Amino acid sequence: MILRTERLLLRPFRQGDLDALTDTLGRPDVVRYLYWDVQTRDEVADLIARRMHLATLAKPGDRLVLAVERRDTGELAGDVVLGWDDSEHRQGEIGFVFSPAHHGKGFATEAAHATLRYGFDDVGLHRIYGRCDARNTASARVMERLGMRREAHLIENEWFKGEWGSELVYGMLDREWQDSGQ
Ligand SMILES: CC(C)(COP(=O)(O)OP(=O)(O)OC[C@H]1O[C@@H](n2cnc3c(N)ncnc32)[C@H](O)[C@@H]1OP(=O)(O)O)[C@@H](O)C(=O)NCCC(=O)NCCS
């Protein structure tokens, strides 16, 4: 599946993304608030091989992971994820990881916006939510810029990288998406 925005192309991962993704996921500052640690080149190669099979959201339980490419330079800037939890509740979870070389330009917000549009308008989800470490202000700001509501601030709800971690939950409903006119 492919999504296009003004500045970005969201497309399936391919083997040629190995160098750029290794640069990104090999950095401690990038993985600081992610559930995994820095990834080696071999681990990233395995990850890309798995992600190449996560290129459509066909049924509940599927997870879509798209590479986000800059249309001006063709560089891999980051990735977005949309998980479709189940059919009855029509809930989905969004996520994003971008290379520091491409931070601060609104690319994550633009890519996540296209992903919300796809989730609500094409998949027909009722609610899309995103979670982040309470200290991950950059991630929280992206979700606020998208117009997602802060639904929860969970305090020390998980043991995270050797300490108690707190988590923010942001959400948006399909009617809020429609009303926002985005
Ligand atoms: C979370 C993450 C994707 C946010 O990246 P980001 O670059 O801050 O987000 P955006 O691409 O939307 O850029 C927004 C910034 O660009 C600025 N900007 C510049 N041009 C812009 C434009 N055309 N449109 C929107 N914002 C623009 C905004 O003002 C904002 O700046 P601010 O951070 O000072 O408020 C990034 O920090 C990251 O990858 N972190 C590591 C992985 C991670 O933790 N992921 C989240 C897991 S929950």
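Here are a few friendly notes on the ligand site and the pocket in this predicted model.

1. Let's start with the neighbours of the ligand. The ligand has 21 residues around it, and those that come nearest are Phe96, Phe98, Gly104, Ala108 and Thr109. Sorted by class, this shell holds ten nonpolar, six polar and five charged residues.

2. Next, where the shell comes from. Four elements each give at least two residues to it: the strands β5 (91–98) and β6 (127–133), and the helices α4 (107–123) and α5 (137–145). The largest share belongs to α5, with five residues.

3. Which residues have a polar backbone atom or a side-chain N or O atom close to a ligand oxygen? On the backbone side, a polar atom of Phe107 is 2.9 Å from an oxygen atom of the ligand, and one of Lys105 is 3.3 Å from a ligand oxygen. From a side chain, an N or O atom of Asn136 is 2.8 Å from an oxygen atom of the ligand. As for cover, the ligand on its own has 950 Å² of accessible area, and the protein covers 71% of that.

4. Now the pocket. The ligand takes up the space of the largest pocket, whose volume is about 1,200 Å³. Its lining counts 45 residues, and Leu34, Gly95, Phe96, Val97 and Ser139 are the closest to the pocket centre. Phe96 is worth finding on your screen, as it is listed both among the residues nearest the ligand and among those closest to the centre of the largest pocket.

5. Last, the make-up of that lining. Its residues divide into 20 nonpolar, 15 charged and ten polar.

Notes:
Residues numbered from 1 in each chain as written. Predicted model: local features only at pLDDT ≥ 70, side-chain atom pairs only at ≥ 80, totals over all residues. Heavy atoms only, no water. Near = heavy atom within 4 Å. Polar contact = N/O pair within 3.5 Å; in protein donor to acceptor, adjacent residues only side chain to side chain. Areas by Shrake-Rupley, 256 points an atom, 1.4 Å probe, with all protein chains shown as cover. 1 Å grid on protein atoms, 1.4 Å probe; cavity = no way out; pocket = protein on both sides within 12 Å on 5 of 7 lines; lining within 4 Å. Sits in = over half its atoms within 2 Å of the grid points. Nonpolar A, V, L, I, M, F, W, Y, C, P; charged D, E, K, R; others polar. Points joined across faces, edges and corners; volume = space filled by probe spheres on them.
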